[in-house]
Amino acid sequence: MTPKDEIHVPINSDSDIVTARQQGRTMALEAGFGDTDLTVISTAISEVARNIVEHALSGEIILRIEHNGSKAGLVITARDDGPGIPDIALAMQDGYSTGKGLGLGLPGTKRLMDEFDIVSDPEIGTTVIMKKWRN
Amino acid sequence: MRVPILKQGKYLIASIQSALSDYELLQLRDDLAAQVGKYRTRGVIVDVTVLDVMDSFAVRTLRAIAQIARMRGAETIIVGIQPEVAFAMVQLGLTLGQVETALDLEEGLALLDDRTRQDGNRDAER
Ligand SMILES: Nc1ncnc2c1ncn2[C@@H]1O[C@H](COP(=O)(O)OP(=O)(O)OP(=O)(O)O)[C@@H](O)[C@H]1O
Ligand SMILES: [Mg+2]
């Protein structure tokens with residue numbers, strides 16, 4: 001794996017959200033994703049990065065290209081050491097928000113991506129791992 | 001970067017020039033809110049043609065802009081939503097609610113003319 005195959009974007013403020021989604025778009029473009037997927041990927045990154053800023057203050061987004069035979073995919077990991085999510089099933093429901101959001105970030109992002117996993121612990125924080133395969 | 005707001009007759013046109021951070025979006029909301037009152041604006045157009053992402057925060061802020069403008073007597077039209085962006089918004093579950101959209105600036109202006117003319121007629125009937 002060349003170093004360029006993995007990018008870490010620190011997330012500390014709202015302008016880092018823009019940086020993360022632009023880096024993700026660039027990486028996906030280089031990996032040959034089409035226009036719709038590029039927008040879908042940027043949108044998904046934006047949502048999980050904003051969750052870090054809004055609900056955990058700081059963390060990072062890790063972008064990685066994965067190869068599986070002839071298939072290529074973009075793996076996005078959003079990691080923070082914030083307060084964690086006490087009830088993940090509840091947080092994954094459309095319209096559930098503990099803030100002033102629409103509560104669509106997590107369930108909507110899951111709909112945008114091909115694979116979506118979330119692990120959370122009040123001691124450790126929250127990690128979202130999601131994947132988009134190139135068509 | 002601050003979004004330039006152009007005053008054209010009784011309308012305000014905000015043309016987004018580049019990707020916006022949350023802070024810059026809120027700044028646009030506040031700038032528009034201030035100018036709508038100051039210029040007795042009847043219509044606001046927000047041109048989002050260059051945006052390659054409209055996530056939940058952007059949509060929430062655009063809805064807020066339209067609500068604030070409406071309370072001050074102005075209609076808001078969002079123009080230039082790209083097809084991929086529309087697709088991602090739908091998947092995410094986002095809608096613009098009551099906020100009207102048009103294909104481009106020209107159609108947006110025509111729609112505003114239409115809306116404000118109707119209002120004018122209603123005023124005249126009273
Ligand atoms: N990284 C995180 N750390 C802690 N809590 C989180 C995190 N991400 C999400 N949550 C919790 O899960 C809830 C649902 O998240 P989701 O992104 O769906 O909605 P939201 O962020 O509240 O609103 P929206 O994303 O629509 O603006 C949040 O309100 C918050 O309580
Ligand atoms: Mg969210």
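In this predicted model, strands β1(A) and β2(A), the latter covering residues 59-68, run antiparallel and are joined by six bridges. One residue pair shows the register: A:H8 has A:I62 in β2(A) as its bridge partner. The two strands belong to an open sheet of five strands in chain A, ordered β1-β2-β3-β5-β4, with antiparallel pairing. At its edges stand β1 (6-11) and β4 (115-121) of chain A, each of which pairs on one side only. On average, neighbouring strands of this sheet are turned by 15° against each other, direction ignored. Across β4 and β5 (125-133) of chain A lies helix α4, residues 105-112 of chain A, which runs at about 145° to β4(A).

Chain A as a whole holds four helices and five strands. Along the sequence these elements follow the pattern β-α-α-β-β-α-α-β-β. The radius of gyration of chain A is 14 Å, close to the 14 Å that the globule rule gives for 135 residues, so chain A is as compact as a globular protein of that length. The C-alpha trace of chain A spans about 40 × 25 × 25 Å along its principal axes.

**The sheet of chain B**

Chain B also has a sheet to describe. Five strands form this open sheet in the order β1-β2-β3-β4-β5 of chain B, and the pairing is mixed. Its edge strands are β1 (5-8) and β5 (100-102) of chain B, each pairing on one side only. Here the average turn between neighbouring strands is 25°, with direction ignored. Strands of a sheet pair through backbone hydrogen bonds, in either a parallel or an antiparallel sense. The parallel sense is found between β5(B) and strand β4 (residues 75-79) of chain B, which share three bridges. Within that pairing, B:A102 in β5(B) is the bridge partner of B:V79. Helix α1(B) packs on the sheet and touches β1, β2 (11-15) and β3 (43-47) of chain B, its direction making about 165° with that of β2(B). Helix α2(B) lies across β3 and β4 of chain B and runs at about 155° to β4(B).

**Pockets and cavities**

Rolling a probe the size of a water molecule over the atoms shows where empty space is left. The count comes to two cavities of 30 Å³ or more. The table lists these together with the two largest pockets, giving volumes and the classes of lining residues.

| Space | Volume | Lining residues by class |
|---|---|---|
| Largest pocket | about 600 Å³ | 16 nonpolar, twelve polar, six charged |
| Second largest pocket | about 180 Å³ | five nonpolar, one polar, six charged |
| Largest cavity | about 60 Å³ | five nonpolar, no polar, four charged |
| Second largest cavity | about 30 Å³ | one nonpolar, two polar, three charged |

The largest pocket has a volume of about 600 Å³. Of its 34 lining residues, A:N51, A:H55, A:I85, A:T98 and A:L106 are the closest to its centre. At least two lining residues each come from α2 (35-56), β3 (71-80), α3 (88-91), α4 and β5 of chain A, and from α2 (56-71) of chain B. The largest share, eight residues, is that of α2(A).

The lining of the second largest pocket also draws on both chains. Chain A supplies A:D14, A:I17, A:V53, A:E54 and A:K100, while chain B supplies B:D22, B:L26, B:R29, B:F57, B:R60, B:T61 and B:A64. The elements giving two or more residues to this lining are α1 and α2 of chain A and α1 (22-38) and α2 of chain B. Helix α2(B) gives the most, with four residues.

The cavities are likewise lined from both chains. Around the largest cavity are A:R21 and A:R50 together with B:L20, B:D22, B:L25, B:L51, B:V53, B:D55 and B:A58. The second largest cavity is lined by A:R21, A:Q22, A:R25, A:S42, B:D52 and B:V53. Helix α1 (residues 14-30) of chain A contributes the most to the lining of the second largest cavity, with three residues. A:R21 and B:V53 appear in the linings of both cavities.

Terms used. Residues are numbered from 1 along each chain as its sequence is written. Chains are lettered from A and ligands numbered from 1 in the order in which they are written. This is a predicted model: local features need pLDDT of at least 70, side-chain atom pairs count only at pLDDT 80 or more; totals for chains, interfaces and linings use all residues. Side-chain values use heavy atoms; hydrogens and water are left out. Two strands pair if DSSP finds at least two bridges between them. Axes are lines fitted to C-alpha atoms, for helices over the stretch in contact, and angles run from 0 to 180 degrees between N-to-C directions. Contact means heavy atoms within 4.5 Å. On a 1 Å grid over the protein atoms alone, a cavity is a set of points where a 1.4 Å probe fits but cannot get out, and a pocket is an open set with protein on both sides within 12 Å along at least five of seven lines; lining residues have an atom within 4 Å of a point. Grid points are joined across faces, edges and corners, and a volume is the space filled by probe spheres set on the points. Ala, Val, Leu, Ile, Met, Phe, Trp, Tyr, Cys and Pro count as nonpolar, Asp, Glu, Lys and Arg as charged, and the others, Gly among them, as polar. The radius of gyration is taken over C-alpha atoms; the globule rule is 2.2 Å times the number of residues to the power 0.38.
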